[in-house]
Amino acid sequence: MTKPSKNSFQIATLKLIPFVEQVHLAILKEWITTQEELVRFAGPCAFSFPLSDEAWRQFLEIDANNRLSYMATHTQTGDPLGFAQIKTINSHTKRLCRLLIGASANRGQGLGKQLVLALLRICFEDPKTTCVDLNVYDHNVHAIRCYTQCGFKEVLETQPNQTSTMLWKAIRMVRSRENGE
Ligand SMILES: CC(C)(COP(=O)(O)OP(=O)(O)OC[C@H]1O[C@@H](n2cnc3c(N)ncnc32)[C@H](O)[C@@H]1OP(=O)(O)O)[C@@H](O)C(=O)NCCC(=O)NCCS
């Protein structure tokens, strides 16, 4: 199959549906196939490759009370395109976590921006939400570019944030309701 040309994914190519483990876990497992991909996608975690189905379940259920998981699918074909989670931090703040456009051939064509905008729409549907944040490794330039284009701004932290590791430095980005909503 030929790779779609840049921007061949137009607005509203992607929609979010609830993640259903029995249907979607096998797809997510195909997308994340190395420890490095797992850490880039999810930050440091207690799991290492290869993850058993049980480990995947535990991984996805961390903070499950405060976290919703979504599958991104193609609006017309229903094909799976990506994955993401929204975590409630407090009554005013939500966090976008574990964002992924699954097939590497689909990246860099605007789907990530559609994913972020769809997640922001859900976050700001709650009138109490004033701020959405996320953590991203500072070398993940494509992700940072995508988030910046969706209105996120890097915030300078005085303390190293939770997702910093010895090797990879994470930065926190924030998007307020006023900034575009
Ligand atoms: C981060 C991610 C979700 C962004 O989705 P995406 O569909 O690639 O993002 P977009 O195409 O909307 O935006 C990426 C920007 O980087 C540019 N880019 C250039 N080369 C690229 C490449 N090989 N891959 C991705 N983006 C690329 C894009 O052109 C675009 O900028 P532009 O709009 O100015 O052209 C996706 O790349 C991904 O799943 N990466 C692996 C997992 C990951 O890093 N998750 C982030 C965790 S914080």
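This is a short talk that walks through one protein chain, from its overall layout to its sheet, its core and the surroundings of its ligand.

Hi everyone, and thanks for coming. One thing to keep in mind from the start: what you see above is a predicted model.

Let's begin with the overall layout. The chain has 181 residues, and 24% of them are buried. Its secondary structure consists of 5 helices and 7 strands. If you follow the sequence from start to end, the pattern reads β-α-α-α-β-β-β-α-β-α-β-β. Now look at contacts with a separation of 6 or more: 60% of them link residues 24 or more positions apart.

Next, the sheet. How are the 7 strands ordered in it? They form an open sheet in the order 1-2-3-4-5-7-6, with mixed pairing. Strand 1, residues 14–18, and strand 6 are the edge strands, each pairing on one side only. On average, neighbouring strands here are turned by 35° against each other, ignoring direction.

Let me take you across some of the pairings. Strand 2, which covers residues 67–74, runs antiparallel to strand 3, residues 80–88, and 7 bridges connect the two. If you want a place to look, find Tyr-70, which sits opposite Ala-84 of strand 3. Further along, strand 4 and strand 5 are parallel, joined by 3 bridges. Here Arg-95 stands opposite Asp-133 in strand 5.

Strand 5, residues 131–137, also pairs with strand 7, residues 170–176; this pair is antiparallel and has 7 bridges. Within it, Leu-134 has Met-173 of strand 7 as its bridge partner. Finally, strand 6, residues 153–155, is antiparallel to strand 7 and joined to it by 3 bridges. There, Lys-153 faces Val-174 in strand 7.

Let's stay with strand 5 for a moment. Which of its side chains point to the buried face? Those are Val-132, Leu-134 and Val-136, while Cys-131, Asp-133, Asn-135 and Tyr-137 point to the other face and are not buried. That fits a broader rule: in a regular strand, side chains alternate between the two faces of the sheet.

So what lies across the sheet? Helix 4, residues 111–125, lies across strands 1, 2, 3, 4, 5 and 7, and runs at about 35° to strand 3. One residue to pick out is Leu-119, which touches Ala-84, Ile-86 and Leu-96, leaving aside residues up to four places away in sequence.

That brings us to the core. The largest nonpolar core contains 30 residues, and Leu-119 is among those with the most contacts inside it, along with Ala-72, Ala-84, Leu-96, Leu-115, Val-116 and Tyr-147. At least two residues of this core come from each of strand 1, strand 2, strand 3, strand 4, helix 4, strand 5 and helix 5.

Last stop: the ligand. Which residues come nearest to it? Of the 19 residues around the ligand, the nearest are Arg-107, Gly-108, Gly-112, His-142 and Ala-143. Helix 5 contributes the most to this shell, with 5 residues. Helix 2 (35–42), strand 4, helix 4 and helix 5 (141–149) each supply at least two residues of it. By character, the shell divides into 8 nonpolar, 7 polar and 4 charged residues.

To recap with two elements you can find again in the picture: helix 4 and helix 5 each supply residues to the largest nonpolar core, and each also supplies residues to the shell around the ligand. Thanks for listening!

Key: Residues numbered from 1 in each chain as written. Predicted model: local features only at pLDDT ≥ 70, side-chain atom pairs only at ≥ 80, totals over all residues. Pairing = 2+ DSSP bridges. Helix = DSSP H or I, 4+ residues; strand = E, 2+ residues; numbered from the N terminus. Axes fitted to C-alpha atoms, helices over the stretch in contact; angles between N-to-C directions. Contact = placed C-beta atoms within 7 Å. Buried ≥ 20, exposed ≤ 12 C-beta atoms within 10 Å, placed from the backbone. Near = placed C-beta within 6 Å. Nonpolar A, V, L, I, M, F, W, Y, C, P; charged D, E, K, R; others polar. Core = buried A, V, L, I, M, F, W, Y, C linked by C-beta atoms within 7 Å.
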